[in-house]
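Please look over the structure below with its ligand in mind. The briefing sets out the surroundings of the ligand and the arrangement of the domains.

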Amino acid sequence: MRNKTKWGMLFCAAGLSVLALTGCGSAEQKQIVRIGHNQSTNHPTHIALEAFSEFINEELGDTYEVQVYPSELLGSQTDMVQLTQTGAIDFCVASNAILETFGKNYEIFNLPYLFASADAYHAAMDDPEVTDPIFGSTEKAGFTAVTWLDAGTRNFYTVDKPINSPADLKGLKIRVQQSPTNIRMMDLLGGSATPMGFGEVYTSLQSNIIDGAENNEMALTDNGHGDVCKYYSYDMHQMVPDILIGNIAFIEDLTEEERAVFEEGYKLVNTVQREEWVKAVEAAKEKAQNEQGVTFIYPDQAPFVEACAPLHESVLSGNEALVPIYDKIQEYNEKYPSVAE
Ligand code: GCU
């Protein structure tokens with residue numbers, strides 16, 4: 001379904017080099033600002049980036065032209081982060097999970113059951129005291145985070161086995177994102193972690209290379225996983241944000257005025273994406289249930305939470321700089337406890 005990636009990337013890479021060499025294209029003197037992401041053009045992330053593109057083109061259209069490349073056209077998220085690091089492209093959206101391998105501080109938002117509720121998650125992610133030490137931590141690696149995007153709650157789903165407790169994961173090969181924290185989480189829960197890029201998941205499910213995966217509801221519909229997986233279990237193990245990152249040299253080269261406009265644009269991405277997200281998830285649930293025949297399961301979360309608990313301790317003791325951030329998140333958890341409590 002999505003296996004055009006490698007070729008797409010080669011063609012795009014060739015295209016990017018030609019553009020770079022000729023310095024032209026239809027936009028003549030304009031500097032092309034390239035943004036890559038791995039979602040479809042229906043997805044809230046794409047809609048938000050299109051709004052960003054329109055905004056920048058309106059405000060700074062004499063100097064810049066923003067182009068958005070969806071659907072892994074520029075490669076997997078890991079590829080796109082590398083392209084952003086080197087400045088081959090200017091921005092991309094990457095899951096926080098992927099960023100952990102580029103900057104250790106990102107580990108914190110990959111912790112299972114870190115946030116007590118969606119409200120606690122949103123409030124923490126909107127607080128610069130929480131995000132600044134993480135977002136600014138990769139400048140030496142060539143990029144910085146400019147805003148976060150909602151990617152909902154991650155839950156397990158399988159081809160044909162309902163997951164009611166961690167015991168049900170035993171012996172199942174479950175795709176996880178390529179992040180050490182996710183692999184450790186899967187080990188603690190008793191399943192067999194199979195890390196791979198997002199674009200490979202559909203075919204792997206279809207060909208029984210894996211028994212299931214874990215993601216938000218949009219993966220069922222927008223990525224077709226619900227055509228193959230018939231059980232979706234709300235264990236709610238993670239709220240992993242997506243992050244819009246930008247090449248540091250590009251950002252630093254902007255004039256003060258331009259930078260202010262881009263910053264307005266990042267805020268716009270965040271606002272539009274979050275508004276669209278709420279609608280998109282509702283529509284995805286309905287479609288998965290009514291059109292794809294996916295059964296939603298609501299297991300007791302307590303055994304999942306308990307199994308994952310040691311991960312908090314090990315991540316914090318491995319990176320003490322995260323402790324004050326973790327404590328700040330606990331304040332939001334107290335303020336916005338889970339509705340189920
Ligand atoms: C979500 C998330 C993506 C991520 C994907 C995955 O769709 O928004 O950024 O790539 O999950 O599981 O890889």
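The points below are grouped by topic.

This is a predicted model, in which local features need pLDDT of at least 70 and side-chain atom pairs count only at pLDDT 80 or more, while totals for chains, interfaces and linings use all residues. Residues are numbered from 1 along each chain as its sequence is written, and side-chain values use heavy atoms, with hydrogens and water left out.

**Ligand shell**
- The residues around the ligand (those with a heavy atom within 4 Å of it) are N38, Q39, Q77, S95, A151, R154, R175, Q177, F198, N215, N216 and D242.
- By class, this shell holds two nonpolar, seven polar and three charged residues, where Asp, Glu, Lys and Arg count as charged, Ala, Val, Leu, Ile, Met, Phe, Trp, Tyr, Cys and Pro as nonpolar, and the others, Gly among them, as polar.

**Polar contacts and cover**
- Polar contacts (pairs of N or O atoms within 3.5 Å) link oxygen atoms of the ligand to side-chain atoms of D242 at 2.6 Å, R175 at 2.7 Å and Q177 at 3.5 Å.
- Of the 310 Å² of accessible area that the ligand has on its own, the protein covers 97%, as computed by the Shrake-Rupley method with a 1.4 Å probe.

**Domains**
- An automatic or database assignment gives domain 1 (2-150 + 241-282) and domain 2 (154-239 + 291-335).
- Their contact (heavy atoms within 4.5 Å) takes 41 residues from domain 1 and 35 residues from domain 2.
- The ligand lies between domain 1 and domain 2 because both give residues to its shell.

Terms used. Polar contact = N/O pair within 3.5 Å; in protein donor to acceptor, adjacent residues only side chain to side chain.
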